[in-house]
Amino acid sequence: MGVHGVKAVFFDLDNTLVDTAAAGRRAIEEVMNALQSKHRCGEAAARMICDKVQAKLLKECHDPAKMCITDLRISHWEEAIQETIGGEVNRTLAAECYFLWKTTRLQHLTLPEDTRDMLTELRKGLRLLLLTNGDKQTQREKIEACACQPYFDAIVVGGEQKEEKPAPSIFHYCCDLLGVQPAECVMVGDSLDTDIQGGLNAGLKATVWLNKAMTTPVDTSPVPHYIISSVLDLPAVLQKMEHKVNAKLEIDHVASNNE
């Protein structure tokens, strides 16, 4: 399936191709159960610990030069446990919680079969690249866990580059990797701030926002070229783009004949 003018599609990973949020919820449930059954932690305290960790993950600022991601995330659990139940710092329990959360989340990260089929079909006519922000170790583990490598011509992890999405430089690096121009590429992702803004910053041909809820924010900024509720809707968007190009070619052809 080739599209006039489009040679490559860049895909975000988390909550675009794989449901990282759902895998994370399963992981948190496992830790809550373990805290209650193995460590005699009350349900309310176990929930509070997990809620605190999730809040810390959302605000996380990680500098790999100063601390590895494993130590940082064990410290999230350590702090959350102490903030909730007090007492001595319990590094052993914190590490146990972290590794249970991490392994459970990775176990539940899957690339759905219908998504794999779509990528296989798209790749017959287009070059596909996976572009994900985040810590190198964390993202590489996710990529390994969902076994998505065979479906892409290249994989780029923000944590391995000088700048991450939405910086234009990482998009231009991706273009160079594939030997294409920004105006020949489409970016697909669930984040307006990184995927869509980044695609616009880099001058890509089109940006496709995956908005599963299909609820329009009061202020949709930046404005994507297309909005889909499922990544499986992408082939239809690419077809729509092809029809637009064909229609323009016909109009241009008619105009030149009339001159």
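**View 1. The whole chain and its two domains.** Domain bounds, as used here, come from an automatic or database domain assignment. For this chain, a predicted model, that assignment gives domain 1 as residues 8–19 plus 110–257, and domain 2 as residues 21–108. Take the centres of domain 1 and domain 2 over their C-alpha atoms and you get a separation of 32 Å. Where the two touch, domain 1 puts in 9 residues and domain 2 puts in 11 residues. Along the principal axes, the C-alpha atoms of the chain fill a box of roughly 85 × 35 × 35 Å. Inside that box are 9 helices and 6 strands. Of the chain's 259 residues, 44% count as buried. If you look at contacts with a separation of 6 or more, 63% of them link residues 24 or more positions apart.

**View 2. The largest nonpolar core.** This core has 35 residues. Which of them touch the most other members? That would be Val-9, Phe-11, Leu-130, Phe-152, Val-186 and Leu-234. Plenty of elements chip in with two or more residues, including strand S1 (8–11), helix H5 (113–122), strand S4 (185–189), strand S5 (206–210) and strand S6 (226–228). Helix H9 (234–258) gives the most, with 4 residues. A second core sits apart from this one. That other core has 20 residues, and Val-31, Met-32, Trp-77 and Ile-81 are among them.

**View 3. Zooming in on Val-186.** What does Val-186 touch once its neighbours within four places in sequence are set aside? Val-6, Ala-8, Val-9 and Phe-10 are among its contacts. So are Leu-204, Ala-206 and Val-208, and the list ends with Leu-238 and Met-241. Val-186 is also one of the residues that touch the most other members of the largest core.

**View 4. Strands S1, S2 and S3 in a row.** S1 and S2 run parallel, with 4 bridges joining them. One spot to look for is Val-9, whose bridge partner in S2 is Leu-128. S2 and S3 are parallel too, again with 4 bridges between them. Follow S2 and you find Leu-131 standing opposite Val-156 in S3, and Thr-132 opposite Val-157. S2 is mostly covered, with 5 of its 6 residues buried. In a regular strand, side chains alternate between the two faces of the sheet. Are the faces of S3 covered or open? Both are covered: Ala-154 and Val-156 are buried on one side, and Ile-155 and Val-157 are buried on the other. To get from S2 to S3, the chain passes through helix H6 (residues 136–145), and the three elements make a right-handed β-α-β unit.

**View 5. Cys-174 in helix H7.** Cys-174 lies in H7, which covers residues 168–178. How accessible is Cys-174? With a relative accessible area of 0%, it counts as buried. Leaving out residues up to four places away in sequence, Cys-174 touches Phe-10, Leu-129, Leu-131 and Val-156. Cys-174 and Leu-129 are 45 residues apart in sequence, yet their C-alpha atoms are 7.6 Å apart in space. Leu-131 and Val-156 may ring a bell from the previous view, where they stand opposite each other.

**View 6. Cysteines without disulfides.** A disulfide is a covalent bond between the sulfur atoms of two cysteines. How many does this structure hold? The count is 0. Why does Cys-97 not bond to Cys-50? Cys-50 has the closest cysteine sulfur, but at 7.1 Å it is too far for a bond. Cys-97 is buried as well, at 5% relative accessibility. Cys-185 is in no disulfide either, and the nearest cysteine sulfur, in Cys-175, is 3.9 Å away. The cut-off used here is 2.5 Å between the sulfur atoms, so that pair does not count. Cys-185 is buried, with a relative accessible area of 0%.

**View 7. Ala-46 in helix H2.** You'll find Ala-46 in H2, which spans residues 43–58. Is Ala-46 buried or exposed? Buried, with a relative accessible area of 0%. Its contacts, not counting neighbours within four places in sequence, are Met-32, Leu-35, Gln-36 and Cys-41. Met-32 also belongs to the core of 20 residues. Ala-34 is 12 residues from Ala-46 along the chain, and 9.0 Å separate their C-alpha atoms.

Conventions. Residues numbered from 1 in each chain as written. Predicted model: local features only at pLDDT ≥ 70, side-chain atom pairs only at ≥ 80, totals over all residues. Heavy atoms only, no water. Core = buried A, V, L, I, M, F, W, Y, C linked by side-chain atoms within 4.5 Å. Buried < 20%, exposed > 50% of the residue type's maximum accessible area, 1.4 Å probe, protein only. Contact = heavy atoms within 4.5 Å. Pairing = 2+ DSSP bridges. Right-handed = clockwise from strand over helix to strand, strands pointing away.
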